[in-house]
Amino acid sequence: MIRYPRHLAVAAACLALVGCESQQQGSPVASGSSSGTSTSTSADPGFTPTEDNQDPTKKIDGVLAIEYEGAQHVKPTERVAYDHKPPLGGAHDAVWAPCNGVVYKKAVRTENLVHSLEHGAVWLTYDPDKLDGDGVAALEKRVNGKPYTVLSPFPGQAEAVSVQSWGRQLQVAKADDKRIDQFIQATRANQYLTPEPGASCDQIDPDRFDQDNPPPFDPSDPGPGAIPVTGR
């Protein structure tokens, strides 16, 4: 896996979000839609968050929006009954997964990566059975060396590619879908959508989460003892 220079540790400021309402923004786009095959790498300022445009994902077709309360922590031995695959918020481990340009080649424990979302990271995932090597390479190019950006496989997700930030998610069939770049631009370290803007994405303690040997993804059902996505 690839590390990003560790220089972004700053203090966290926790802002609690409330409720658990969800909505689909823009117009839903079906899997394999022709609009999902075009490529665009040039930044459109309309997708950059500003005080007057705090949630640019509203202009991206197919984005799911859910409000989750932040700072709901679970133990390393506990699991969370998430409401989406991959999750886009909710209760999570007390330790985040390093997320400054990190490419995890193997699937990683979900509860740690959800904490990374709380810090403002964008988490790109793919189903290894639905995306070929060229597609994976296209996603890695978007992540390598980019702060607050992380990539991992997520077996069993509905579409080949899914992109998550805290409370926002876009799922698409192809890695060259231009909406992936729009979503990253709109949500990465977005101070208006992130419960803890400016919080660190660096590794803090390899004994609690080792970036080179992370806790593995568990594909099994979390079971009746799982912590609700809304926390205890």
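**Exercise 1. Helix 1**

Task: In this predicted model, decide whether helix 1 is enclosed or open, and find what its buried residues pack against.

Solution.
Step 1. Take the cut-off: a residue is buried when its relative accessible area is under 20%.
Step 2. Apply the cut-off to helix 1. Nine of its nine residues are buried, so helix 1 is largely enclosed by the rest of the structure.
Step 3. Name the residues. Among them are Thr 110, Leu 113, Val 114, His 115 and Leu 117. Glu 111 and Glu 118 are on the list too.
Step 4. Look for the partners. The buried residues pack against strand 3 (73–74), strand 4, strand 5, strand 7, strand 8 and strand 9.
Step 5. Check what follows the helix. Gly 120 comes after helix 1, and its phi is positive, near 105 degrees.

**Exercise 2. Gly 90**

Task: Locate Gly 90 and classify it as buried or exposed. Then list its contacts.

Solution.
Step 1. Find the place. Gly 90 sits in the loop between strand 4 (80–81) and strand 5 (92–93).
Step 2. Classify it. Gly 90 has 1% relative accessibility, so it counts as buried.
Step 3. List the contacts, leaving out residues up to four places away in sequence. Gly 90 touches Tyr 68, Val 114, Trp 166 and Val 229.
Step 4. Tie this to Exercise 1. Val 114 is one of the buried residues of helix 1.
Step 5. Add a distance. The C-alpha atoms of Gly 90 and Ala 71 are 8.6 Å apart, with their positions 19 residues apart along the chain.

**Exercise 3. Aromatic pairs**

Task: How many aromatic pairs does the whole structure hold? Describe the pair of Tyr 104 and Phe 209, then the pair of Trp 123 and Phe 154.

Solution.
Step 1. Count. The search finds four aromatic pairs.
Step 2. Take Tyr 104 and Phe 209. Their centres are 6.4 Å apart, and the planes meet at 80 degrees. Planes over 60 degrees apart count as edge-to-face, so this pair is edge-to-face.
Step 3. Place both rings. Tyr 104 is in the loop between strand 6 (100–103) and helix 1 (110–118). Phe 209 is in the loop between helix 3 (178–187) and strand 11 (227–228). The pair links distant parts of the chain, 105 residues apart. Both Tyr 104 and Phe 209 are buried.
Step 4. Take Trp 123 and Phe 154. This pair is also edge-to-face, at 6.1 Å centre to centre and 70 degrees between the planes.
Step 5. Place these rings. Trp 123 belongs to strand 7 (residues 122–126). Phe 154 is in the loop between strand 8 (149–153) and strand 9 (161–165), 31 residues apart from Trp 123.
Step 6. Check burial. Trp 123 is buried because its relative accessible area is 1%. Phe 154, at 5%, counts as buried as well.
Step 7. Extend the picture. Ring pairs join Trp 123, Phe 154 and Phe 217 into a cluster.

**Exercise 4. The second largest pocket**

Task: What is the volume of the second largest pocket, and which residues line it closest to its centre?

Solution.
Step 1. State the volume: about 370 Å³.
Step 2. Turn to the lining, which has 21 residues. Closest to the centre are Arg 79, Thr 110, Asp 218, Ser 220 and Pro 222.
Step 3. Sort the lining by class. There are 10 nonpolar, four polar and seven charged residues.
Step 4. Look for the elements. Strand 4 and helix 1 each supply at least two lining residues.

Notes:
Residues are numbered from 1 along each chain as its sequence is written. This is a predicted model: local features need pLDDT of at least 70, side-chain atom pairs count only at pLDDT 80 or more; totals for chains, interfaces and linings use all residues. Side-chain values use heavy atoms; hydrogens and water are left out. Rings of Phe, Tyr and Trp (its six-membered ring) pair if their centres lie within 6.5 Å; planes under 30 degrees apart count as stacked, over 60 as edge-to-face and the rest as tilted. Helices (H or I, at least four residues) and strands (E, at least two) are DSSP runs, numbered from the N terminus. Buried means under 20% relative accessible area, exposed over 50%, partly exposed in between (1.4 Å probe, protein chains only). Contact means heavy atoms within 4.5 Å. On a 1 Å grid over the protein atoms alone, a cavity is a set of points where a 1.4 Å probe fits but cannot get out, and a pocket is an open set with protein on both sides within 12 Å along at least five of seven lines; lining residues have an atom within 4 Å of a point. Grid points are joined across faces, edges and corners, and a volume is the space filled by probe spheres set on the points. Ala, Val, Leu, Ile, Met, Phe, Trp, Tyr, Cys and Pro count as nonpolar, Asp, Glu, Lys and Arg as charged, and the others, Gly among them, as polar.
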